[in-house]
Amino acid sequence: MILVLNPATGSDSAEYKQLMAHLANLPGISTRIHTEVGSEQTLTEVYLIGNTKALPIEDMQSLPCVEHVVRISEEYRVLGRHKNDHRPTHFDYNGVRFGQDTLNVFAGLCAVDTLEHVELMMQALRDNGQVCTRMGAYKPRTSPYSFQGHGKACLPYVFELAGKYGIKVIAMEITHESHVEEICEALYRTGNSTGVMLQIGTRNTQNFELLKIVGRQQDFPVLLKRGFGITLDESLNAAEYLASEGNRKVVFGLRGMKTNMADPHRNFVDFAHVPVVKRLTRMPVCIDPSHSVGMRAASPEGILDIVNATAQGVIAGANMILVDFHPVPGKALVDGPQALLIRELPLFLEDVRIARESYEQRVALAGRYQETIA
């Protein structure tokens, strides 16, 4: 059970102390407090842990400073959708909103290679009205002999260039807790010139200790990618690990399923699960068409498979797109064959706009349909 308190309820108020004293006397019930500090107000949620079935909602609703009560199910207790659950399906970070009704494009380098390429990418994003990007500093690779990323050495110039070109959020994969410390230090030294969304890659979706560590910090939101060869339920529970430790600013990423049935694509595109994740949870959903498709093949009409896959996810209601671009894909140190060209960026964004408009038209049509059967 979750008690959502009245906005701006302070922990030093008499009502709050009265509430917590009452909850402390409930047999077999422990509490966990989560506070979300927004730009306009502070929201506090009190999680009641234990056998709460015997607690009447009406009684809990009447307690001091309680705004409303949510009786949660067993599945995805923190991030899931529950009956009469009116908690928000969005969060704000560094001036950018991430929600189940928004769409943000993170076009950029799968792996940072040179300062020149980073600047060309940042400049192209600014010129096309974008404020988000992907930039890989730490790259887990299947082969120990493959390029593993420049690591902390590239962070200062990546962050400085982001500030120069007005990039507000960079999606950046991490594989170890030390990477969080390195990112924090580099941001501080560059005057917090941008923001970072930590990315948990498919290989680490079930690295539970890393999930706990990343979940305990609340400086950065987290993009969690679906895991290699595991069920959707298992991956959603990995996201719940993050939230259960305190970080509720989580985006769930679909990046294709690893199976030979996907051939000739790199992975089997799983973007039909976009509305499923939005139905089961309150998380925004990201799609990664680059790692799903993994190649620059095109249809007879001339539409790239990556662009077609992107449209499928956007029309299904995706809220974030993680896509590879590179100034010179032939010189890319990671995943060059799947990278789109910088000159293709405006065309890609226009195709996304068309797909998003189609999604919005379908939502309106669905509303009319619901009215006819009400």
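How many cavities of 30 Å³ or more does a search of the whole structure find? The search of this predicted model finds two. The largest cavity holds about 60 Å³ of space, and the second largest holds about 40 Å³. This briefing also covers two helix pairs, α3 with α4 and α6 with α7, together with a cis peptide bond from D263 to P264 and a positive phi at N94.

**Internal cavities**

- Rolling a probe the size of a water molecule over the atoms shows where empty space is left.
- The largest cavity, with about 60 Å³ of space, is lined by L109, C110, A111, D113, D324, F325, H326, A332, L333, V334, D335 and A339.
- Eight nonpolar, one polar and three charged residues make up the lining of the largest cavity.
- The second largest cavity, with about 40 Å³ of space, is lined by C110, R134, M135, G136, K139, A171, E173 and Q199.
- In the lining of the second largest cavity, three residues are nonpolar, two are polar and three are charged.
- C110 is among the residues lining the largest cavity, and C110 is also among those lining the second largest cavity.

**Packing of α3 with α4**

- Helix α3 spans residues 115-127 and helix α4 spans residues 155-164; their axes come within 10 Å and cross at roughly 25°.
- Because of this crossing angle, α3 is roughly parallel to α4.
- The crossing in which α3 passes α4 is right-handed.
- On the α3 side, the contact is formed by L115, V118, E119 and M122, which meet Y157, V158, L161, A162 and K164 of α4.
- By class, this contact of α3 with α4 comprises seven nonpolar, no polar and two charged residues.

**Packing of α6 with α7**

- Helix α6 (residues 208-216) packs against helix α7 (residues 232-244) at an angle of about 40°, and their axes are 7 Å apart.
- The angle therefore makes α6 oblique to α7.
- The crossing of α6 past α7 is right-handed.
- F208, L211, K212, V214 and G215 represent α6 in this contact, where they meet A238, Y241 and L242 of α7.
- The contact of α6 with α7 contains six nonpolar residues, one polar residue and one charged residue.

**Backbone features in loops**

- The peptide bond from D263 to P264 is in the cis form, and its omega is near 10°.
- P264 is located in the loop between strand β12 (250-254) and helix α8 (274-280).
- N94 is not a glycine, yet N94 has a positive phi of about 50°.
- The loop between β5 (90-93) and β6 (96-99) contains N94.

Methods:
Residues numbered from 1 in each chain as written. Predicted model: local features only at pLDDT ≥ 70, side-chain atom pairs only at ≥ 80, totals over all residues. Heavy atoms only, no water. Axes fitted to C-alpha atoms, helices over the stretch in contact; angles between N-to-C directions. Helix = DSSP H or I, 4+ residues; strand = E, 2+ residues; numbered from the N terminus. Parallel < 35°, antiparallel > 145°, perpendicular 65-115°, else oblique. Left-handed = near helix turned anticlockwise from the far one by under 90°. Contact = heavy atoms within 4.5 Å. Nonpolar A, V, L, I, M, F, W, Y, C, P; charged D, E, K, R; others polar. 1 Å grid on protein atoms, 1.4 Å probe; cavity = no way out; pocket = protein on both sides within 12 Å on 5 of 7 lines; lining within 4 Å. Points joined across faces, edges and corners; volume = space filled by probe spheres on them.
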